[in-house]
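Trainee: I am new to this structure. Can we go through it step by step, with short answers?

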Amino acid sequence: MIHFIFKKKTNLTDVFPEGYIDIHSHILPGLDDGAKHFEESLAILSRLTTFGISKFITTPHIMHGVYDNCLSIITSTTSRFKSNYNEGFSLKSAAEYLIDEHFEKSIAQDSLITLDGKHVLVELSYAMPPLCLHSAIRKLKHFGYVPVLAHPERYRYYHKTPIVYQELKHAGCKFQLNLLSLTGYYGKSTQKVAQNLISEGFIDYSGTDVHNMQQVEALNKPFSITEKLIRRILENNMFFDF
Ligand SMILES: [Fe+2]
């Protein structure tokens, strides 16, 4: 009789190193399209801690006319949240800025909410790249910031022109991969581009970018690169330890 031994595939939830810092999520209640209320925030955090993630720099959207968040709103929501619940995890806040002309103007005027005093998480529209992309990057650098581009693999308009990724790296952007991209959550093309960016050595950091419980549970899936490689990428986030 022949016995087949099936090796269980490793899921993303099995590989988070101790002390992993998730630098991209939408966990704070009521600020954007993430957690809607306190209980949902808590449920998301509790579940993520069972995967071994207990440090978070959470990043509410700042998107002119859609999510008009600012330092005082984000800070007060964070303090209110932490005064009610602050056990089993460490949490601080930054923001995820949409690059558009309003953001570009604000770089010189406001002090931006950063991941660590210097690195600023930025995203692009999914519909088309902003005309001011390169001038915004130049301006960020001019004012001493380091742009960290959120989920570069998710901008479909770049999928057929990978040279753009090289240009963005040369312009001084760091890249933050969405971990769910490696499970196929956003589709095959995004998964492939994520893998390519990793093979090129372009990915600097990673994040869950979770908005809800459905995305949290989606992390409990196998990923499409080697365990060695994913562990190396995850460890890079220790840079943002706090
Ligand atoms: Fe996000």
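Trainee: Let us start with Glu227. Is Glu227 exposed, partly exposed or buried?

Mentor: Keep in mind that this is a predicted model. Buried means under 20% relative accessible area, and exposed means over 50%. Glu227 has a relative accessible area of 33%, so the class is partly exposed.

Trainee: Which side chain does Glu227 meet in a salt bridge?

Mentor: Side chains of opposite charge can pair when their charged atoms come close. Here the N to O distance is 2.9 Å. The partner of Glu227 is Arg231.

Trainee: What separates Glu227 and Arg231 along helix α8?

Mentor: Arg231 is partly exposed, at 31% relative accessibility. Both residues sit in helix α8, four residues apart. The separation is therefore about one helical turn.

Trainee: How many salt bridges does a search of the whole structure find?

Mentor: Glu227 and Arg231 form a salt bridge. Lys169 and Asp204 meet in another, at 2.5 Å from N to O. The search of the whole structure finds five.

Trainee: How many residues apart are Lys169 and Asp204?

Mentor: The side chains of Lys169 and Asp204 meet in a salt bridge. Lys169 lies in helix α5, and Asp204 in the loop between α6 and β9. Both residues are buried. Along the chain they are 35 residues apart.

Trainee: Asp241 and Lys55 meet in a salt bridge too. Which of the two is buried?

Mentor: Their N to O distance is 2.6 Å. The pair links distant parts of the chain, 186 residues apart. Asp241 has a relative accessible area of 48%, so Asp241 is partly exposed. At 18% relative accessibility, the buried one is Lys55.

Trainee: Now the metal. Which residues coordinate the iron ion?

Mentor: The donors follow the spacing H-x1-H-x69-E-x112-D along the chain. Glu96 is in strand β5 and Asp209 is in the loop between β9 and α7, 113 residues apart. Coordination is at 2.0 to 2.4 Å, by His24, His26, Glu96 and Asp209.

Trainee: What is the arrangement of the four donor atoms around the iron ion?

Mentor: A tetrahedral site needs all angles between 85 and 135 degrees. Here the angles run from 78 to 164°, so the arrangement is irregular.

Trainee: What is the relative accessibility of Asp209?

Mentor: Glu96 counts as buried, at 0%. Asp209 counts as buried as well, because its relative accessibility is 3%.

Trainee: Last one. How many residues does the largest nonpolar core have?

Mentor: Leu48 is among those with the most contacts inside that core. Beyond its neighbours within four places in sequence, Leu48 is in contact with residues including Ile27, Phe56 and Val210. The core has 75 residues.

Methods
Residues are numbered from 1 along each chain as its sequence is written. This is a predicted model: local features need pLDDT of at least 70, side-chain atom pairs count only at pLDDT 80 or more; totals for chains, interfaces and linings use all residues. Side-chain values use heavy atoms; hydrogens and water are left out. Donors are N, O and S atoms within 2.8 Å of the metal (3.2 Å for Na, K and Ca); water is not among the atoms, so sites may look incomplete. Four donors count as tetrahedral if all angles lie between 85 and 135 degrees; four count as square planar and six as octahedral if opposite donors are over 155 degrees apart and all others between 65 and 115; anything else is irregular. Helices (H or I, at least four residues) and strands (E, at least two) are DSSP runs, numbered from the N terminus. Buried means under 20% relative accessible area, exposed over 50%, partly exposed in between (1.4 Å probe, protein chains only). A nonpolar core is a set of buried Ala, Val, Leu, Ile, Met, Phe, Trp, Tyr and Cys residues joined through side-chain atoms within 4.5 Å. Contact means heavy atoms within 4.5 Å. A salt bridge is a side-chain nitrogen of Lys or Arg within 4 Å of a carboxyl oxygen of Asp or Glu.
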